[in-house]
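User: I'm new to reading protein structures and could use a hand. Can you walk me through one, feature by feature?

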Amino acid sequence: MDILFGIPAVEILQEQHRQEEQLLEARVPRIVAKDRGNPFQCLSDEEFIDRYRLSKDATIDLIEEVRPRANVDRMGRGCGIPLHLKMLVTLRYLATGNFLLTIADNLDMSKASAGKCVREVAHLISYLAPTYIQFPRPEEAHHVAQRFYDIAGMPGVIGCVDGTHIPIQSPGGDDVEMYRCRKGFYSLNVQGICDSDLMFTSIVASWPGSVHDARVFENSNECYNLEQGNYNGLYLLGDSGYPCREYLLTPLLTPRNEKERNYNISHAKTRNCVERAFGVLKRRFACLSIPLRTKLTNSKQIVMACVVLHNIAVSKKIELIDDEVLPQEDIEMGDVEFEQVVGGNRVRDRIVQRWF
C-alpha cells in the first residue's frame with residue numbers, strides 16, 4: 001500500500017528519520033576537532049595557566065607588547081618561527097625548567113631553535129622591566145605604607161627587602177669561585193624588594209652568589225635614593241643580615257620588654273611578604289629552583305624575565321593552580337659600621353616606643 005491517509009509511505013519514513021536525527025543531535029553535542037598543535041585552542045584556560053603560568057589573554061597581550069622589538073629575520077633555513085610559538089617555547093621552559101631538548105621535541109623543533117627562542121624572548125621580556133618593576137615614587141609611598149600598615153600595624157613601610165640564591169651551572173673563567181655561595185653551589189645572589197601584594201618593586205640580578213646581601217643593597221639604586229632623603233619617615237624592612245639604618249629597619253635580636261616583642265612580631269608578619277614573594281616566584285617558574293643551564297648573561301636575563309612575568313601575573317590576578325610556597329632561607333649576620341647602627345637603632349627605638 002503506497003498511500004496511508006493520503007500521505008506517501010516514503011515521505012512518512014523520511015520525516016521519522018529527520019526527527020530521530022534531530023533528537024540525536026540534541027542529546028549528543030557535536031564534536032569539533034581541535035588543533036592539538038595550537039595550545040590556545042586545544043587547552044582550557046586552567047590547563048593553559050598550569051602549563052604556561054599566564055592566561056591566554058595575558059600571553060596574547062605580551063606577544064603584541066614585545067612584537068615591535070622582536071627579531072623578524074629567519075632562524076636558519078626555511079620559514080622563520082612565528083613569535084607566538086617562540087613565546088610558548090620560552091614560557092614552557094621557564095615554567096618547568098625542563099631540558100631544551102624535551103621542550104623542542106614536544107613542539108616539533110630542533111634543540112638549537114628552542115635555545116634561540118628562549119634567549120630571544122627572555123631578552124625581549126627583560127627589556128620590559130622598567131615598565132613592570134617600579135619602586136614607588138615619593139608621592140605614592142604613603143598609599144603603599146598604608147597597605148603595609150594594615151598587615152600588622154607596622155608604620156611607614158614602603159617595601160620589604162631580601163636576597164635569594166638562584167642556582168646556575170658553573171660559569172667558568174678565573175672568577176668562577178665568586179659564584180659559589182655559602183651553601184656550596186654556584187648561584188646568583190638576587191635582591192628583591194616587594195610590596196604588600198607580593199609584587200616586586202625592585203630587582204637586582206647581577207651579583208655572584210658569594211656576595212653578602214648587605215653589600216648588594218648598599219650598591220643598589222634604592223639605597224642611594226633612600227640615603228638622599230627622598231623618603232623621609234618611610235622605611236624598608238630587612239632581616240638580621242642587613243644593618244639597621246634610618247631607612248632600613250631590622251628585628252631586635254634580644255627583645256627586653258613587651259613593646260620590643262610586639263615590634264618583632266609585627267616586623268616578622270610584615271616582612272614575610274618578601275619571603276612569600278620569592279616562594280611564589282620560584283613556584284611559578286620552576287627553572288629558578290634548579291641550576292640554570294644557560295650562559296651567565298642569559299641566566300641573568302632569564303631571572304629578570306621571570307620577575308616581569310610574575311608581576312604581570314600578580315597584576316592580572318592569575319593564581320597558581322598549586323600555590324606551594326618554598327621554605328624560607330637561612331638568616332645570616334652582616335658586617336655593619338657602628339655609626340650607622342647607632343643612627344638606625346635610634347629610629348627603631350623611637351618607633352618601638354611610639355607605636356608598640
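User: How many salt bridges does the structure hold?

Analyst: The general idea goes like this: side chains of opposite charge can pair when their charged atoms come close. In this case, which is a predicted model, there are 13 salt bridges. One of them joins the side chains of D45 and K56, with N to O at 3.9 Å.

User: Which parts of the chain does the D45 and K56 pair tie together?

Analyst: D45 sits in helix α3 (residues 45-52) and K56 in helix α4 (residues 56-66), so the pair links parts that are 11 residues apart in sequence.

User: And are those two side chains buried or exposed?

Analyst: One of each! D45 has 53% relative accessibility, so D45 counts as exposed. K56 comes in at 16%, so K56 counts as buried.

User: What about R53 and D50, how far apart are N and O there?

Analyst: Their side chains meet in a salt bridge at 3.8 Å, N to O. R53 is buried, with a relative accessible area of 9%, while D50, at 38% relative accessibility, is partly exposed.

User: Where do R271 and E275 lie?

Analyst: Both are in helix α12 (residues 258-284), four residues apart, which is about one turn of the helix. They form a salt bridge whose closest N and O atoms are 3.3 Å apart, and both residues are buried. Salt bridges can also link up into a network, as R137, E139 and E140 do.

User: I've spotted D162 on my screen. Which side chain of opposite charge is nearest to D162, and how far away is it?

Analyst: That's R271, 4.0 Å away. D162 is buried yet has no salt bridge. The cut-off matters here: a salt bridge needs a nitrogen of Lys or Arg within 4 Å of a carboxyl oxygen of Asp or Glu.

User: What else does D162 touch?

Analyst: Leaving out residues up to four places away in sequence, its contacts include V190, Q191, G192, D213, D239 and Y242. R271 and E275, the pair from helix α12, are also among them.

User: Where in the fold is D162?

Analyst: D162 lies in strand β3, which covers residues 157-167. That brings us to sheets. Strands of a sheet pair through backbone hydrogen bonds, either parallel or antiparallel. In this structure, five strands form an open sheet in the order β5-β4-β3-β6-β7, and the pairing is mixed. The edge strands are β5 (200-208) and β7 (248-249), each pairing on one side only.

User: How many bridges join β3 to β4, and which way do the two run?

Analyst: Eight bridges join β3 to β4 (residues 187-194), and the two run antiparallel. If you want a spot to look at, find V161, which stands opposite I193 in β4.

User: Which helices should I look for around the sheet?

Analyst: Try helix α9 (residues 138-152), which packs on the sheet and touches β3 and β4. Its direction makes about 75° with that of β3. Then find helix α13 (residues 296-315), which lies across β3, β4 and β5 and runs at about 165° to β5.

User: Zooming out, how many helices and strands does the chain have?

Analyst: There are 14 helices and seven strands. Of the 356 residues in the chain, 46% count as buried. The accessible surface comes to about 19,300 Å², and 50% of that belongs to carbon and sulfur atoms.

User: What share of the contacts join residues at least 24 apart in sequence?

Analyst: Among contacts between residues at least 6 apart in sequence, it's 67%.

Conventions: Residues numbered from 1 in each chain as written. Predicted model: local features only at pLDDT ≥ 70, side-chain atom pairs only at ≥ 80, totals over all residues. Heavy atoms only, no water. Buried < 20%, exposed > 50% of the residue type's maximum accessible area, 1.4 Å probe, protein only. Lys, Arg positive; Asp, Glu negative; His and termini not counted. Contact = heavy atoms within 4.5 Å. Areas by Shrake-Rupley, 256 points an atom, 1.4 Å probe, with all protein chains shown as cover. Pairing = 2+ DSSP bridges. Axes fitted to C-alpha atoms, helices over the stretch in contact; angles between N-to-C directions.
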